[in-house]
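User: I'd like to go through this chain with you and ask how each label is earned. Can you take me through it?

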Amino acid sequence: MAGDDGQACVTLLEAQNLAPQEFRHNPDAGKLINELLRRGRTGAEQRLRDLATRTAVAEWGDSVVDVAGKRVLYVIACGGRPAGDLAPFIARCQESGWDVCMIATPSALKFMNTSALAAQTGHPVRSDYKQPDEPDVLPAADAMVIAPATFNTINKLAYGSSDTLALGLLNEAIGLGLPIIAVPTANTALARHPAFLEAVIRLRSWGVTILLDPDLYPLPAPNQGPTAADLFPWEALHSAVADLAGQHG
Ligand SMILES: Cc1cc2nc3c(=O)[nH]c(=O)nc-3n(C[C@H](O)[C@H](O)[C@H](O)COP(=O)(O)O)c2cc1C
């Protein structure tokens, strides 16, 4: 790296390391990255492209388009039938201006069409931790939704387990104070389990919004089968995401 462009590149990389939250979506940083990539004189173009990905400056083929200002919503799906019904919800979030990224637990994958969701969101669907030297492929999140949230993931999240990528991202989000909305899909038996009830109380005390109220959103019976997915409260979830946009927009 040499000259003014090289120095600008070093400054950008240092700034991102020092203050990643402030750096993401920063329109000035996005413009500078675009300009440096256009001129191609830094000798560190790949690192700049990685930086563009981390800062919500989307890459399209050989060119880089600044999407600064779009807020990023991670939609995290766990292993329940509603994971197969995410596409219309994602479309509505996109219409409301969110850049949506999909994350799945390994158990969720069997319910989902990941290639269709990747095409819809413009981002790969991630379900496992990256390799040590790989760059992050998703822009940093502004908010997260867990839909559906299984009994298993709710219980593990309440006690800090990080054995799936989904949980790792959610634990970081709790640490960062990002808004999280979870929609449990536990059946009526699991929803009475003391560990689950304690987990819900614990998560709510940390500021996680949990849409769980059997009077308003009835839960499926054990072994209900495919009709269980019909009970999932997509409309309530959409309203909660809209409230989020109002509060934080
Ligand atoms: C067809 C099918 C439907 C399931 N539905 C649910 C469900 O609605 N809620 C739930 O908590 N678990 C459900 N499970 C069980 C979870 O997939 C299982 O507990 C899994 O370990 C959850 O992993 P995850 O929390 O990492 O996604 C279902 C499993 C299958 C095979």
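User: How many helices and strands are there, and what makes a run count as one?
Analyst: This is a predicted model, and its chain has 10 helices and seven strands. A DSSP run needs at least four residues to count as a helix and at least two to count as a strand. Strand 7, at 209-210, is therefore still a strand.

User: Which strands make up the open sheet, and in what order?
Analyst: Five strands form it, in the order 4-3-5-6-7, with parallel pairing. Strand 4 (98-104) and strand 7 (209-210) are the edge strands.

User: What makes those two edge strands?
Analyst: Each of them pairs on one side only.

User: How do you know that strand 3 and strand 4 pair?
Analyst: Two strands pair if DSSP finds at least two bridges between them. Strand 3 (residues 71-77) and strand 4 are joined by seven bridges, so they pair; the two run parallel. Across that pairing, R71 stands opposite W98, and V75 stands opposite M102.

User: Where does the chain go between those two strands, and what is the hand of the crossover?
Analyst: From strand 3 the chain passes through helix 5 (residues 86-95) to strand 4, a right-handed β-α-β crossover.

User: Why is strand 4 called mostly covered?
Analyst: Seven of its seven residues are buried. W98, V100, M102 and A104 point one way, while D99, C101 and I103 point the other way, and all are buried.

User: Why is I210 called partly exposed?
Analyst: It comes down to a count: I210 has 18 other C-beta atoms within 10 Å. Buried takes 20 or more and exposed takes 12 or fewer, so a value in between is partly exposed. I210 belongs to strand 7.

User: Which residues does I210 touch beyond its sequence neighbours?
Analyst: Leaving out residues up to four places away, I210 touches A182, P184, V200, L203 and R204. A182 is 28 residues away in sequence, yet the C-alpha to C-alpha distance is 4.8 Å.

User: What makes helix 7 mostly covered?
Analyst: Of the eight residues in helix 7 (151-158), seven are buried. They are F151, T153, I154, N155, K156, L157 and A158.

User: What do the buried residues of helix 7 pack against?
Analyst: Their partners are strand 5 (143-149), helix 8 (165-176), strand 6 (180-184) and helix 9 (194-205). After helix 7 comes G160, with a positive phi near 80°.

User: Which residues touch the most other members of the largest nonpolar core?
Analyst: V75, I76, A77, M144, V145 and I146 do, in a core of 54 residues. Another core lies apart from it, with eight residues, including C9, A29, L36 and L51. As background, nonpolar side chains in soluble globular proteins tend to be buried together.

User: What is M144 in contact with?
Analyst: Beyond four places in sequence, M144 is in contact with Y74, I76, L170, A173, L178 and I180.

User: What share of the chain is buried, and what share of the contacts is long in sequence?
Analyst: Buried residues are 37% of the 249 in the chain. Among contacts with a separation of 6 or more, 73% join residues 24 or more positions apart.

User: Which residues are closest to the ligand, and what is the class make-up of its shell?
Analyst: The closest are C78, G79, G80, T105 and T150, out of 16 residues surrounding the ligand. By class, that shell has six nonpolar, nine polar and one charged residues. Gly counts as polar, so G79 and G80 fall in the polar class.

Note on methods: Residues numbered from 1 in each chain as written. Predicted model: local features only at pLDDT ≥ 70, side-chain atom pairs only at ≥ 80, totals over all residues. Near = placed C-beta within 6 Å. Core = buried A, V, L, I, M, F, W, Y, C linked by C-beta atoms within 7 Å. Contact = placed C-beta atoms within 7 Å. Right-handed = clockwise from strand over helix to strand, strands pointing away.
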